[in-house]
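Q: Please take one turn of the chain and look at it closely. Then carry on from there to the other parts worth a look.

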Amino acid sequence: MTTANIPENHAGSILTIDLAAIAENYEILKTRLGTVECGAVVKANGYGLGAGEVGRTLSNAGCRKFFVAHLEEGIQLRPFVGDAEIHILNGLIPGTGDTYREHRLIPVLGSLREVGAWQVYTKDAALPCDVHVDTGMLRLGLPPDELRQIANDPDLISGLDIKNIMSHLASADELHNPQSGSQLKAFKQVRSVLPMGAASLANSSGVFRGDPYHFDLGRPGVALYGVNPLPDTVNPMRPTIELKARIIQLRDARPGDTVGYGANFKVKTHSKIATLAVGYADGFLRSLSGKAFGYIGEHRVPLVGRVSMDLITFDVSHVPVKLCHVGAWVELIGANHSVDDLAREAGTIGYEVLTNLGARYHRVYKN
Ligand SMILES: *Cc1c(COP(=O)(O)O)cnc(C)c1O
């Protein structure tokens with residue numbers, strides 16, 4: 001019997017994605033929202049985990065409203081989610097009306113210019129859209145002066161089939177940041193000018209801010225994938241991924257030896273250095289140089305030296321020999337070491353760790 005065609009046998013690194021855990025996270029968010037509908041944000045390839053697989057899983061779990069950033073992402077998601085709604089957060093690129101119609105995609109209109117363009121495109125046959133109003137980010141959404149123009153002249157927004165009026169929270173993950181309260185107040189004012197359709201404000205962290213933030217539709221993203229929406233408190237979400245990499249080389253090092261590019265890690269005592277088949281080309285961020293930890297069984301091992309394109313190096317000196325051999329696996333993300341842990345070590349957020357997960361990992365989807 002040959003094992004040559006079993007990818008697990010020749011993979012240098014394996015990323016396992018637990019679709020059942022993502023479905024459970026959807027249930028946790030739904031429970032938080034009570035009777036309020038729960039949508040799902042699956043932009044950036046489902047935060048790196050695979051928009052198709054995630055979309056199909058959540059569609060089967062009952063999700064009817066999906067959000068992506070790009071029109072292209074919406075086109076690619078369509079076959080996985082049946083006739084569920086797909087909303088395009090980045091709004092309307094001029095001249096793309098036919099593409100929206102053909103793939104049954106819904107633009108989130110973010111300025112009066114886009115509103116006007118959609119009025120023109122849909123004047124003979126209404127097509128659904130959302131309207132995004134800025135309440136404090138200065139990125140997307142109608143700015144306050146455009147909202148005032150509509151208040152004075154409602155015709156500016158007439159004739160549209162508006163499904164949702166939405167805004168986006170800038171600081172919902174910071175429990176004591178007063179900006180969320182200001183945005184909530186501003187959004188209520190928005191609703192007094194634009195009462196049509198459903199109202200949607202809450203991202204993942206917003207869902208956990210309580211009822212006043214829920215309105216008619218939640219739009220969680222990152223919490224679906226297991227990142228803690230409430231930093232500094234116990235994570236209410238289930239972890240969804242495991243990342244492990246193989247030891248492909250073991251070296252004995254003597255005091256004074258240096259490891260990797262720039263020789264910026266100098267060995268102090270007799271040590272054993274393990275080289276793993278993962279690098280920054282896999283999205284294992286270079287800022288993790290000298291900062292990350294991995295686990296071999298229960299043994300915590302520090303990353304030493306710089307992260308290279310295809311390789312990282314760990315000091316495994318005190319790991320029992322029987323666990324530590326060429327071909328053995330090292331946990332980089334998993335039960336002992338969460339996405340949030342790795343993000344902290346990299347000086348970034350879980351969002352960035354997930355959306356950088358590389359294309360070279362051998363991916364295994366668990367149901
Ligand atoms: C990305 C995004 C979300 C989801 O945010 P999370 O913090 O990942 O839950 C919701 N709404 C908008 C407009 C977004 O861009």
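A: Start with Gly-297. This residue takes a positive phi near 60° in the hairpin of strand 15 and strand 16. Two residues lie between the strands there. The model is predicted, so local features need pLDDT of at least 70 and side-chain atom pairs pLDDT 80 or more, while totals for chains, interfaces and linings use all residues. Residues are numbered from 1 along each chain as its sequence is written, and side-chain values use heavy atoms, without hydrogens or water.

Strand 15 covers residues 293–296 and strand 16 covers residues 299–302 (strands are DSSP E runs of at least two residues, numbered from the N terminus). The two pair in the antiparallel sense over four bridges (pairing takes at least two). Across the hairpin, Tyr-295 of strand 15 faces Arg-300 in strand 16.

Elsewhere, seven strands form an open sheet with parallel pairing, in the order 3-4-5-6-7-8-9. Its edges are strand 3 (40–41) and strand 9 (198–200), each paired on one side only. Strand 8 (residues 161–166) runs parallel to strand 9 and is joined to it by three bridges. Ile-165 stands opposite Ala-199 in strand 9.

Now the ligand. It is surrounded by 13 residues (a heavy atom within 4 Å). The closest are Lys-43, Tyr-47, Ser-204, Gly-221 and Tyr-351. By class, the shell holds seven nonpolar, four polar and two charged residues; Tyr counts as nonpolar, Gly as polar and Lys as charged.

Three polar contacts follow (N or O pairs within 3.5 Å). The side chain of Tyr-351 places an N or O atom 2.6 Å from a ligand oxygen. For Lys-43, the side-chain N or O atom is 2.7 Å from an oxygen of the ligand. His-168 has a polar side-chain atom 3.4 Å from a ligand nitrogen. Taken alone, the ligand exposes 390 Å², and the protein buries 92% of that (Shrake-Rupley, 1.4 Å probe).

Methods:
A polar contact is a pair of N or O atoms within 3.5 Å; within protein, one must be able to donate a hydrogen and the other to accept it, and residues adjacent in sequence count only if both atoms are side-chain atoms.
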